[in-house]
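Please look over the model shown here before reading on. The points that follow can be checked against it one at a time.

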Amino acid sequence: MRIGKARLAKILTIIGQMFPEAKGELDWETPFQLLIAVILSAQTTDKAVNKVTPGLWQSYPEIEDLAFAELSDVENALRTIGLYKNKAKNIIKTAQAIRDDFKGQVPKTHKELESLPGVGRKTANVVLAEVYGVPAIAVDTHVARVSKRLNISSPGADVKQIEADLMAKIPKKDWIITHHRLIFFGRYHCLAKKPKCEICPVQSYCKYYQNTYGKSKA
């Protein structure tokens with residue numbers, strides 16, 4: 001049986017105390033910059049993205065500039081991040097689509113955002129939440145790992161199911177901040193390879209801790 005709303009609320013209160021100031025760590029100033037940064041962050045750390053975007057914006061300060069960019073030049077600008085060739089193609093095509101199909105404005109709906117090259121559900125959720133304040137929970141690798149370890153979702157759940165599980169158990173008004181706090185919890189505490197289980201304040205609620213250490217304080 002998956003964890004219930006009341007138990008999850010207690011866990012999220014503790015995580016909120018651990019990371020009260022959790023927020024997105026990508027650097028951006030405009031909606032378009034955030035959209036591109038999130039596209040670039042796929043299978044890449046935010047820190048790595050933040051190292052390449054200043055040069056990218058210096059070379060292509062406007063949507064129009066990136067829309068007309070040479071692919072090889074953009075590839076060179078992104079060379080230090082993973083999947084840079086595909087990402088270079090996608091961000092140029094995305095710039096072109098926003099210029100041609102959306103009058104130079106970053107779309108405000110899931111359907112429109114996900115029509116852009118390189119934009120999936122997670123990227124759309126981040127943009128909608130961060131730019132437009134639309135309640136959303138973006139499921140990245142950290143959110144997925146934490147959700148499974150805490151028994152919010154089943155071990156085999158995909159990102160769509162994890163998002164649905166979280167939305168069903170968390171008040172809508174808390175979706176955005178919970179998204180950030182779960183990312184911080186996964187990124188800095190509930191690590192993929194060496195989670196800090198022995199000093200974790202939610203260990204008494206954690207299925208992963210019980211299964212790994214064979215005990216529970218709940």
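The notes below go through salt bridges, chain contacts, surface charge and backbone angles.

1. Status of the model. This is a predicted model. The points below should be read with that in mind.

2. Salt bridges in general. The structure holds five salt bridges. Points 3 to 6 take up some of the residues involved.

3. Asp46 and Arg187. These two side chains form a salt bridge, and their closest N and O atoms are 3.3 Å apart. The pair links distant parts of the chain, since Asp46 belongs to helix 3 and Arg187 to helix 11 (residues 175-188), 141 residues apart. Is Asp46 buried or exposed? Asp46 has a relative accessibility of 15%, so it counts as buried, the cut-off being under 20%. Arg187, with a relative accessible area of 22%, is partly exposed.

4. A network. The bridge in point 3 does not stand by itself: Glu25, Asp46 and Arg187 are linked in a network of salt bridges. When looking at the model, display these three residues together.

5. Glu163 and Arg121. The side chains of Glu163 and Arg121 meet in a salt bridge, with 2.8 Å from N to O. This pair also links distant parts of the chain: Glu163 is in helix 10 (residues 159-169), Arg121 is in helix 8, and their positions lie 42 residues apart in the numbering. Glu163 counts as buried because its relative accessibility is 6%. Arg121 counts as partly exposed, at 38% relative accessibility.

6. Lys173 and Asp174. A further salt bridge is formed by Lys173 and Asp174, where the closest N and O atoms are 3.3 Å apart. Which of the labels buried, partly exposed or exposed fits Lys173? With a relative accessibility of 71%, Lys173 counts as exposed, because exposed means over 50%. Asp174 counts as partly exposed, at 24%.

7. More on Arg121. Arg121 is placed in helix 8, which covers residues 121-132. Besides its salt bridge with Glu163, Arg121 can be compared in position with Val38. The two are 83 residues apart in sequence, and their C-alpha atoms are 11 Å apart in space.

8. The start of the chain and later residues. Ala6 is found in helix 1 (residues 5-18) and counts as exposed, at 57% relative accessibility. How far apart are the C-alpha atoms of Ala6 and Ile170? They are separated by 9.7 Å, although the residues are 164 apart along the chain. A second pair to check is Leu150 and Ile3, which are 147 residues apart in sequence and 7.7 Å apart in space, C-alpha to C-alpha. Leu150 lies in the loop between helix 9 and helix 10. Leu150 is a loop residue, and it counts as buried because its relative accessibility is 3%.

9. His142. This residue is found in helix 9 (residues 141-149). His142 is buried, with a relative accessible area of 16%. The side chains of His142 and Arg145 are joined by a polar contact of 3.0 Å.

10. A patch of charge. Which residues gather in a patch of positive charge on the surface? They are Arg79, Lys85, Lys89 and Lys93. Lys89, one of these, is found in helix 6 (residues 84-101). Lys89 is partly exposed, with a relative accessible area of 38%. That value allows Lys89 into the patch, because residues in a patch need over 30% relative accessible area.

11. Positive phi angles. Two residues deserve a look at the backbone. Gln43 is not a glycine, yet it has a positive phi of about 55 degrees. Where does Gln43 lie? Gln43 is in the loop between helix 2 (31-40) and helix 3 (46-59), and at 75% relative accessibility it counts as exposed. Lys103 is not a glycine either, and its phi is positive at about 55 degrees. Lys103 is found in the loop between helix 6 and helix 7 (110-113). With a relative accessible area of 78%, Lys103 is exposed.

Notes: Residues are numbered from 1 along each chain as its sequence is written. This is a predicted model: local features need pLDDT of at least 70, side-chain atom pairs count only at pLDDT 80 or more; totals for chains, interfaces and linings use all residues. Side-chain values use heavy atoms; hydrogens and water are left out. Patches are made of residues with over 30% relative accessible area and no salt bridge: like charges are joined within 9 Å, nonpolar side chains (Val, Leu, Ile, Met, Phe, Trp, Tyr) within 5 Å. Accessible areas come from the Shrake-Rupley method with a 1.4 Å probe; for residues, only the protein chains shown count as cover. A salt bridge is a side-chain nitrogen of Lys or Arg within 4 Å of a carboxyl oxygen of Asp or Glu. Lys and Arg count as positive and Asp and Glu as negative; His and the chain ends are not counted. The place of a charge is taken as NZ of Lys, CZ of Arg, CG of Asp or CD of Glu. Helices (H or I, at least four residues) and strands (E, at least two) are DSSP runs, numbered from the N terminus. Buried means under 20% relative accessible area, exposed over 50%, partly exposed in between (1.4 Å probe, protein chains only). A polar contact is a pair of N or O atoms within 3.5 Å; within protein, one must be able to donate a hydrogen and the other to accept it, and residues adjacent in sequence count only if both atoms are side-chain atoms.
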